[in-house]
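Thanks for coming. I have one structure to go through today, so please look at the sequence and the model on the screen before I start.

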Amino acid sequence: MGKLLLPWCVGSGNPTVYKRSTASLPTSNPYPPPSVAALPGAPVPVNMSDEEREERELDLSSPEVVTKYKSAAEIVNKALQLVLSKCKPKTKIVDLCEEGDGFIREQSGNMYKNVKRKIERGVAFPTCISVNNTVCHFSPLASDETVLEDGDMIKIDMGCHIDGFIAVVAHTLLIQEGPVTGRAADVIAAANTAAEVALRLVRPGKKNKDVGEAIQKVAAAYDCKIVEGVLSHQMKQFVIDGNKVVLSVSGPDTRVDDAEFEENEVYSIDIVTSTGEGKPKLLDEKQTTIYKRAVDKSYHLKMKTSRFIFSEISQRFPIMPFSARALEEKRARLGLVECMNHDLLQPYPVLHEKPGDLVAHIKFTVLLMPNGSDRITSHPLQELQPTKTIDDPEIKAWLSLGTKTKKKGGGKKKKGKKGEKPEDGVDSEMNEAANEE
């Protein structure tokens, strides 16, 4: 996942999410942005500061920025399709993770080759494949022999960026032939329906707290829980976890600032559901392999190995999350410890529900465009036959909302071809549930 928990707040046992500190986030892009002239966009008021002007030109008001987001989305959607096609029993998980990351590097590397300014591009979040009651962030080292088995419920999570403009996606698959039934179908349907509701509520003028309350209600309708600590983030250029967030489950010690969604913003919407309690735990710190450099921290490392590893990280992964698999394994095991001890890296821990619990994960990237919400990452679900149906009028009302803004003066709606799914990706099972009386 892009961020299930604020990783620097995670300890052993049952982790707690605290109000996010803005000190750990860059206040501006860590890479120099292109010149204003290079990015065609809407007219900029003359009284804006240089910083405001720069940020305005790098949002969705620029057609070039929109193109880069959609290019990243196209690559990550294809990468997801590739990995899904190879999720067979006895396949090593590490091989699938390498396949996903390799595809993203190759495809993004083929773009923007012949430009004057160097365009950074590649993996924005390493491919993770978390199985059954494992909630997130499982992306093992090359030496790991873990394989998939028939009947496994797997969550695939990955991200791509073009020039720092990020598209992320997560999808859930049950490895079996035929339709998904029983509690497995319930937990996937809960995540998918919650994602569809979130898509309709993450829109200009709406509040972040409204989304969290809504998706909890959806999960409860399927007798499932939203996993605690899950954060959906605003994304900006080279910032995968911005300050504006949606906290899926709030509580006395799990609060974030109230915020209102605005036009031209981009969000990673992250939904994780469980048939269990929804209170994941960190069982083994050694399973953690994904990290992100803490750009606001500095420390003179004592060990030569640590200095070497941190120098390599700073050069190759200055801002995006990365997998320790990309480093020399033996040296990384030693060097990462000291880096972690002095908060130079933020870990993405592997978290678990109780054995026997099933966990589903749906994540998508949405652009809040002037004409409505544009979901740019997704993948069709398997056929689901859940034991529950949606009868709640409020949930039905949310699902009936459109994702596009109606233009004044009317206009003909573009009809989809026969057999096509709706543009906003509502699965047929969810439509049937929503329309049942």
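I will begin with the chain as a whole and its confidence, then go through some helices and a few single residues.

This is a predicted model, so confidence comes before anything else. The mean pLDDT of the protein chain is 84, and 79% of the residues reach 70 or more. Two stretches need a caution. Over residues 2-48 the pLDDT stays under 50; the model nonetheless gives that stretch 121 contacts beyond four places in sequence. Residues 409-437 also have a pLDDT below 50, with 34 contacts beyond near neighbours in sequence. Where pLDDT is low, predicted coordinates should not be read in detail. I will leave both stretches there.

Now the overall make-up. The protein chain has 437 residues, and 53% of them are buried. Its secondary structure comes to nine helices and 17 strands. As for how the chain contacts itself, take the contacts between residues at least 6 apart in sequence: 77% of these join residues at least 24 apart.

On to the helices, starting with α4. This helix covers residues 182-201, which is 20 residues. From first C-alpha to last it reaches 29 Å, close to the 28 Å expected at 1.5 Å a residue. How many of the residues of α4 are buried? The count is 18 of the 20, so α4 is largely enclosed by the rest of the structure.

Next, a helix pair. Two packed helices are described by the angle between their axes and the distance between the axes. For α6, residues 304-316, and α7, residues 329-341, the axes come within 8 Å and cross at roughly 90°. That makes the two helices, α6 and α7, roughly perpendicular. On the α6 side, the contact is made by Thr305, Ser306, Phe308, Ile309, Phe310 and Ile313. On the α7 side, the residues are Arg331, Ala332, Leu334, Gly335, Leu336, Glu338 and Cys339. Sorted by class, this contact has eight nonpolar, three polar and two charged residues.

Ile309 is worth picking out of that list. This residue of α6 has a relative accessibility of 0%, so Ile309 counts as buried. Apart from neighbours within four places in sequence, Ile309 is in contact with Leu327, Arg331, Ala332, Gly335 and Leu336. Its C-alpha is separated from that of Leu334 by 9.0 Å, with their positions 25 residues apart along the chain.

A second helix residue is Ser71, in α2, residues 63-85. Is Ser71 buried or exposed? Its relative accessibility is 13%, under the 20% cut-off, so Ser71 counts as buried. Beyond its neighbours within four places in sequence, Ser71 is in contact with Met111 and Ile162. The C-alpha atoms of Ser71 and Ser108 are separated by 8.6 Å, and the two residues are 37 apart along the chain.

Now backbone angles. Most residues other than glycine have a negative phi. Which values do Tyr112 and Asp163 show? Tyr112 is not a glycine, yet has a positive phi of about 50°. Asp163 also has a positive phi, near 60°, and is likewise a residue other than glycine. Both are in loops. Tyr112 lies in the loop between α3 (93-109) and β1 (121-131), while Asp163 lies in the loop between β3 (153-162) and β4 (165-174). Their accessibility is as follows: Tyr112 is partly exposed, with a relative accessible area of 25%, whereas Asp163 is buried, at 2%.

Last, two residues with partners further along the sequence. Val230 lies in the loop between β6 (225-226) and β7 (231-235) and is buried, with a relative accessible area of 0%. Where is Val272 relative to Val230? In sequence they are 42 residues apart; in space, C-alpha to C-alpha, 7.2 Å.

Leu351 is found in strand β14, residues 351-352. At 0% relative accessibility, Leu351 counts as buried. The C-alpha atoms of Leu351 and His137 are separated by 7.5 Å, though the residues are 214 apart along the chain.

That is the end of my list. To repeat the caution, pLDDT stays under 50 over residues 2-48 and is below 50 over residues 409-437.

Definitions and conventions: Residues numbered from 1 in each chain as written. Predicted model: local features only at pLDDT ≥ 70, side-chain atom pairs only at ≥ 80, totals over all residues. Heavy atoms only, no water. Helix = DSSP H or I, 4+ residues; strand = E, 2+ residues; numbered from the N terminus. Expected span 1.5 Å × (residues − 1). Buried < 20%, exposed > 50% of the residue type's maximum accessible area, 1.4 Å probe, protein only. Axes fitted to C-alpha atoms, helices over the stretch in contact; angles between N-to-C directions. Parallel < 35°, antiparallel > 145°, perpendicular 65-115°, else oblique. Contact = heavy atoms within 4.5 Å. Nonpolar A, V, L, I, M, F, W, Y, C, P; charged D, E, K, R; others polar. pLDDT = per-residue confidence, 0-100.
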